[in-house]
Structure formats: C-alpha cells, structure tokens
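This report describes one protein structure, moving from its interior to its charged side chains and its overall composition. The sequence and the coordinates are shown first.

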Amino acid sequence: MLSAARGRLASALRQTSAARSAVACRCLHASGSRPLADRSNKTEEPPRAFDPALLEFLVCPLSKKPLRYEASTNELINEELGIAYPIIDGIPNMIPQAARMTHQSKKQEEVEQR
C-alpha cells in the first residue's frame with residue numbers, strides 16, 4: 001500500500017515538473033527571451049537614453065531632495081549627500097547601495113593638488 005502511494009506521488013511529481021517546464025517555456029517565449037543561439041542573430045540595440053522629464057518626479061530615496069542629471073557620467077546626482085545613482089539602459093538605479101560617493105573623490109583631488 002505504501003509503495004503504491006509512493007508510485008502515485010512520484011508519477012504526480014513527474015507530471016508537475018513537466019507541466020512546470022512547459023509553463024516556463026511558454027513564459028520565456030512570451031517574454032521574448034530566447035536561447036543564446038537565437039540571440040546571436042539579433043543586432044545589439046543601443047542603450048536607452050534617460051528621459052530628463054523624469055527628474056520632475058524622481059527624488060533621492062535617502063534625503064527626498066531633487067536630483068540633478070549628469071549626462072557625461074550618466075548618473076543622477078544628489079549634491080547635498082554627495083552621492084551619484086547610476087542609470088543603466090535608461091533606468092535609474094535608485095538603490096542606495098548601488099550609489100557611489102562623489103564628495104570623497106573631490107576631497108582626494110584637493111589633497112592631491114596640495
């Protein structure tokens with residue numbers, strides 16, 4: 001009796017994993033994700049540009065102050081805190097851990113000039 005239940009459970013799990021993989025394939029196909037071999041034929045798209053109109057809505061997640069867009073470094077700058085948030089493919093990465101400090105580099109330049 002126990003072995004019969006074990007067999008049914010194993011069979012059900014195999015069907016479930018097959019169904020999951022079919023669902024995963026459909027999701028990948030719907031999202032446009034393809035295996036690496038299919039991507040090789042596709043030409044690289046240029047990186048998306050940041051839309052400066054977003055600055056009207058975006059604020060620093062730490063200080064809640066407005067940010068300044070720096071096109072040369074492709075970053076959003078909070079001058080008050082001295083941090084810069086990177087923009088990747090046109091999307092600002094507003095996670096504080098991803099930001100880099102800008103004041104320290106200025107202080108280092110001042111020390112080096114002396």
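In this predicted model, the largest nonpolar core consists of nine residues: F50, C60, L67, L76, I83, Y85, I87, M94 and A99. Strand β3, which covers residues 83-88, supplies the largest share of this core, namely three residues.

Two of the core members illustrate how the core is connected to the remainder of the chain. I87 is located in strand β3 and is classed as buried because its relative accessible area is 7%, under the 20% limit. When neighbours within four places in sequence are set aside, the contacts of I87 are F50, Y69, N74, E75, L76 and P92. Among these partners, F50 and L76 also belong to the core. The C-alpha atom of I87 lies 9.6 Å from that of Y69, a residue 18 positions away along the chain. I83, another core member, has contacts with C60, L62, L76, I77, N78, A99, R100, M101 and T102, again without counting neighbours within four places in sequence. Among the contacts of I83, C60, L76 and A99 are likewise part of the core.

**The aromatic pair**

The structure contains one aromatic pair. The pair is formed by F50 and Y69, with a centre-to-centre distance of 4.9 Å and an angle of 40° between the planes, and its geometry is tilted. F50 is placed in the loop between α2 and β1, whereas Y69 is in strand β1, so the pair ties together parts of the chain that are 19 residues apart in sequence. The two partners can also be described by their accessibility. F50 is buried, with a relative accessible area of 6%, while Y69 is partly exposed, at 24%. Both residues appear among the contacts of I87.

**Salt bridges**

Side chains of opposite charge can pair when their charged atoms come close. Across the whole structure, three salt bridges are found. They are listed below with the distances between N and O atoms.

| Salt bridge | N to O distance |
|---|---|
| R68 and E70 | 2.6 Å |
| R68 and E79 | 2.4 Å |
| R100 and E75 | 2.8 Å |

The bridge between R68 and E79 links distant parts of the chain, with R68 in strand β1 and E79 in the loop between β2 (75-78) and β3, eleven residues apart. The bridge between R100 and E75 also links distant parts: R100 belongs to strand β5 (residues 100-101) and E75 to strand β2, with their positions 25 residues apart in sequence.

What is the accessibility of the partners R100 and E75? R100 is partly exposed, with a relative accessible area of 36%, whereas E75 is buried, at 9%. Through shared partners, the salt bridges of R68, E70 and E79 form one network. Within that network, R68 is partly exposed, with a relative accessible area of 35%, and E70 is partly exposed as well, at 24%. The residues of the remaining bridge also meet core members: E75 is one of the contacts of I87, and R100 is one of the contacts of I83.

**The surroundings of S63**

Where is S63 placed in the chain? S63 is found in the loop between α2 (36-39) and β1 (68-70). S63 counts as buried because its relative accessible area of 18% is under the 20% limit. Its side chain makes a polar contact with the side chain of N78, at 2.9 Å. Apart from neighbours within four places in sequence, S63 is in contact with N78, E80 and L81. N78 also occurs among the contacts of I83.

**Overall composition**

The protein comprises three helices and five strands. Read from the N terminus, the order of these elements is α-α-β-β-β-β-β-α. Of the 114 residues in the protein, 16% are buried. Among contacts with a separation of 6 or more, 22% involve residues 24 or more positions apart. The accessible surface amounts to about 9,300 Å², and carbon and sulfur atoms account for 58% of that area.

Conventions
Residues numbered from 1 in each chain as written. Predicted model: local features only at pLDDT ≥ 70, side-chain atom pairs only at ≥ 80, totals over all residues. Heavy atoms only, no water. Helix = DSSP H or I, 4+ residues; strand = E, 2+ residues; numbered from the N terminus. Buried < 20%, exposed > 50% of the residue type's maximum accessible area, 1.4 Å probe, protein only. Polar contact = N/O pair within 3.5 Å; in protein donor to acceptor, adjacent residues only side chain to side chain. Contact = heavy atoms within 4.5 Å. Core = buried A, V, L, I, M, F, W, Y, C linked by side-chain atoms within 4.5 Å. Phe/Tyr/Trp six-rings, centres within 6.5 Å; stacked < 30°, edge-to-face > 60°. Salt bridge = Lys/Arg side-chain N within 4 Å of Asp/Glu carboxyl O. Areas by Shrake-Rupley, 256 points an atom, 1.4 Å probe, with all protein chains shown as cover.
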